[in-house]
Amino acid sequence: MRIIRGKYGRRRFDVPTNITARPTTDFARENIFNVLENLVDFEGDAPEALDLFAGTGAVSFELLSRGCRSVTSVEKATTQANFIRKVAGILGDPGHRLVKGDALRFIEASPHSYDLVFADPPYDLPGFAEIPGKVLASKLLHPGSVFIIEHSGKHDFSSLPHFLEHRAYGSVNFSIFRIPEEDTPAE
C-alpha cells in the first residue's frame, strides 16, 4: 500500500497476504483524490472524514496525509483492522480513529456528521445497492458534505438525491454526491 501525496506521501506499507479486502488501486485513488481536491478544501478549514469499509486503510491514510483534521476508519474484519491499527501507530497521527465494527450499523447509529464520507463496500455485499441511500438518509452528512461510493460498473446511482457525478478509472467506478449548503436567510 502506498500513500500517494501529502505529509505522508510516498510512504509504503506491506499489506499482509491474508487480507480479504479489495484495495482501491493506486491509479483510481490518485484520480479520485484529484477530483476531491476540487470539491473539498483540504488546506483551509481541515475537513473531518469518515472511511466506511476501510479495508487496508489506504483511503483513510491518504485523507490524513492530505490534510484532514480527523479521519474515522470503520472496518469489521480483524486482519484489516489490525493492519490499520499498525499503520496508524507507525504514522502516529492523533487525528486517526479506528472503529472495529460493522459499517452498516455505524451508518445507522452514528450521531456525528462529517465533511467527507468515503465508502468502499465489498462489491458482493448483500444489499450493496442500498448503501448510498442509507448514507444519504443518515446523520453522517450535513450541508456541504461530500459522499463518495466506490462500486462496480453494474451500478448506477445517478437517480439518487444530491448526485453530482460519476467517474470511472478502469473497472473502478465512483459515484459522487454533494449535499447542498443551507441557504442563509438575508438580513
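## A tour from Ser 110 outwards

Start by selecting Ser 110, which touches Lys 139 and Leu 140 when residues up to four places away in sequence are set aside. Keep in mind as you click along that this is a predicted model.

**Stop 1: around Ser 110.** Where along the chain does Ser 110 lie? Look at the loop between H4 and E4. Now colour by accessibility: is Ser 110 buried or exposed? Ser 110 counts as buried because its relative accessibility is 9%, and the cut-off for buried is under 20%. Next, show His 112 as sticks. Its backbone nitrogen lies 3.3 Å from a polar atom of the Ser 110 side chain.

**Stop 2: the largest nonpolar core.** Select Phe 61 and Leu 63. Among the 35 residues of the largest nonpolar core, these two touch the most other members. To see where this core comes from, highlight helix H1 (26-36), H2, helix H3 (78-91), strand E4 (114-119), E5 and strand E7 (172-178), each of which supplies at least two of its residues.

Stay on Phe 61 and bring up its surroundings. Leaving aside neighbours within four places in sequence, Phe 61 is in contact with Met 1, Ile 3, Tyr 8 and Thr 56, and also with Ile 84, Val 87, Ala 88, Leu 91 and His 96.

A second core, separate from that one, has 22 residues; try selecting Leu 50, Ala 103, Ile 131 and Leu 140, which are included in it. You have met Leu 140 already, as a residue that Ser 110 touches.

**Stop 3: the largest pocket.** Turn on a surface and look for a space of about 440 Å³, the largest pocket. To centre your view, pick Phe 53, Gly 55, Glu 75, Asp 120 and Pro 122: of the 29 lining residues, these are the closest to the pocket's centre. Then colour helix H2 (58-65), strand E2 (70-75) and helix H4 (103-109), since each supplies at least two residues of the lining. What is the lining made of, by class? It divides into 15 nonpolar, 7 polar and 7 charged residues.

**Stop 4: the second largest pocket.** Finish at the second largest pocket, with about 200 Å³ of space. Select Val 40, Asp 45, Pro 47, Asp 115 and Gly 144, the closest to its centre of the 14 residues that line this pocket. Which element gives the largest share of this lining? Highlight strand E5 (residues 141-151), which contributes 5 residues. By class, the lining has 6 nonpolar, 3 polar and 5 charged residues. E5 also appeared at Stop 2, as a supplier of at least two residues to the largest nonpolar core.

Definitions and conventions:
Residues numbered from 1 in each chain as written. Predicted model: local features only at pLDDT ≥ 70, side-chain atom pairs only at ≥ 80, totals over all residues. Heavy atoms only, no water. 1 Å grid on protein atoms, 1.4 Å probe; cavity = no way out; pocket = protein on both sides within 12 Å on 5 of 7 lines; lining within 4 Å. Points joined across faces, edges and corners; volume = space filled by probe spheres on them. Helix = DSSP H or I, 4+ residues; strand = E, 2+ residues; numbered from the N terminus. Nonpolar A, V, L, I, M, F, W, Y, C, P; charged D, E, K, R; others polar. Core = buried A, V, L, I, M, F, W, Y, C linked by side-chain atoms within 4.5 Å. Buried < 20%, exposed > 50% of the residue type's maximum accessible area, 1.4 Å probe, protein only. Contact = heavy atoms within 4.5 Å. Polar contact = N/O pair within 3.5 Å; in protein donor to acceptor, adjacent residues only side chain to side chain.
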